Amino acid sequence: MAQAATAHVEGQQHPIGLYLVVWGWLFILSTCSYLVDYFGFQGYLRWSLIVLFMLLKAGLIVAVFMHMAWERLALMYAILVPPVAVLVFVVIMAFESDYTRFVRHLFFGAAGT
Amino acid sequence: MGDHALTNTEPAAVPVTGWRSIVADWSSDQRAFKSASWGKAMMWIFLLSDTFIFSCFLLSYMTVRMSTTVPWPNPSEVFALKIGGKEIPLILIAIMTFILISSSGTMAMAVNFGYRRDRRKTVALMLATAAFGASFVGMQGFEWTHLILEGVRPWGNPWGADQFGSSFFMITGFHGTHVTIGVIFLLITARKVWRGDFDVGRRGFFTSRRGTYENVETMGLYWHFVDLVWVFIFAFFYLW
């Protein structure tokens, strides 16, 4: 246990420069995602840019700041695979809300607006 | 027997990679997470559960926004601030984003200096992180006040779909709570580092366990997670 702990301390020694570089990239990516709104991009261009910058930022934070890149695969997969289930949930709820919207249009559409 | 058990806690001498290493670690009958201590592994598992909580909030937000027949208020205009007589879209949110990212940067460096036993720098960086976090919560308080004065309520708002208010208060409120708790724990951990608790192995008041500088990293994991959640909130709630 003690041995493992010391080995681990050695394992998480990274040069400060690495963190500064990641910090810089996070600033650049945040500025980019802000500019998406500032320039008023719309439609699929807007959504794909937002998601792209979001995933890059999230990846940098998890991999470098949270040191996930240096963990063993057993931990990596245990933590990073379960959130994939959320994507399934997203698809289910997208169908559900489409249906709700359709029914609302059907029954309230004429009376409303 | 004891010796035998101890040697088995080390990673296998023959380096196994890829899927075989996962199978080897999980079937090793000892500890599955060989590179992480129990404290770190538990923090990761807690963060995973928190991920699901925030996912459910964002999902319910997606559901109400997709299913409403009333137009959704334009966040770009709702969160615009007048600076120098000019409306700048989302400017406060952008500043809050940069502040939270900066706090993550200082936290990452605090962890690093902790492992180098540089107590002074570790404490200074942790206090800087806490200050960034506190100013983030302060700005959120300003934002909430601003919106409430403009008439945003969980049940309605002047610009469009009623669900905007409830989603906004629920998601940012829960995130703000996380930041606040993080600031409190940052101050507690910074005090421990300052006192040298992790050098002399002083026992904690709650668990009676001796801490190590890995506590700073575990604290950092939580803090980076708060930043991570904000990345998703910023993208999905404010920019979408």
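What follows is a short chat about chain A and its contact with chain B in a predicted model.

Trainee: How many helices and strands are there in chain A?
Mentor: Chain A has 5 helices and 0 strands. Along the sequence the pattern reads α-α-α-α-α.

Trainee: And what share of chain A is buried?
Mentor: Of its 113 residues, 32% count as buried. The accessible surface of chain A is about 6,600 Å², with 77% of that on carbon and sulfur atoms.

Trainee: Take A:Leu45. Where is that found?
Mentor: A:Leu45 is in helix H3 of chain A, residues 43-65.

Trainee: Is A:Leu45 buried, exposed or partly exposed, and why?
Mentor: Partly exposed, because its relative accessible area is 46%, and that class lies between the 20% and 50% cut-offs.

Trainee: Changing topic: how many residues does each chain bring to the contact?
Mentor: Chain B brings 67 residues and chain A brings 55. Together the two chains bury about 5,600 Å², 72% of it on carbon and sulfur atoms.

Trainee: Which residues of chain B lose the most area to chain A?
Mentor: B:Trp44, B:Leu239 and B:Trp240, together 12% of what that side buries.

Trainee: How many salt bridges across the interface?
Mentor: The rule finds 2. One of them joins the side chains of B:Lys40 and A:Glu71, at 2.7 Å from N to O. There are also 12 residue pairs in polar contact between the chains.

Trainee: Which element of chain B gives the most to that side?
Mentor: H5(B), with 15 residues. By class, the side of chain B that touches chain A has 40 nonpolar, 17 polar and 10 charged residues.

Technical notes: Residues are numbered from 1 along each chain as its sequence is written. Chains are lettered from A and ligands numbered from 1 in the order in which they are written. This is a predicted model: local features need pLDDT of at least 70, side-chain atom pairs count only at pLDDT 80 or more; totals for chains, interfaces and linings use all residues. Side-chain values use heavy atoms; hydrogens and water are left out. Helices (H or I, at least four residues) and strands (E, at least two) are DSSP runs, numbered from the N terminus. Buried means under 20% relative accessible area, exposed over 50%, partly exposed in between (1.4 Å probe, protein chains only). Accessible areas come from the Shrake-Rupley method with a 1.4 Å probe; for residues, only the protein chains shown count as cover. Contact means heavy atoms within 4.5 Å. Buried area is the accessible area (1.4 Å probe) that two parts lose on being put together, summed over both. A salt bridge is a side-chain nitrogen of Lys or Arg within 4 Å of a carboxyl oxygen of Asp or Glu. A polar contact is a pair of N or O atoms within 3.5 Å; within protein, one must be able to donate a hydrogen and the other to accept it, and residues adjacent in sequence count only if both atoms are side-chain atoms. Ala, Val, Leu, Ile, Met, Phe, Trp, Tyr, Cys and Pro count as nonpolar, Asp, Glu, Lys and Arg as charged, and the others, Gly among them, as polar.
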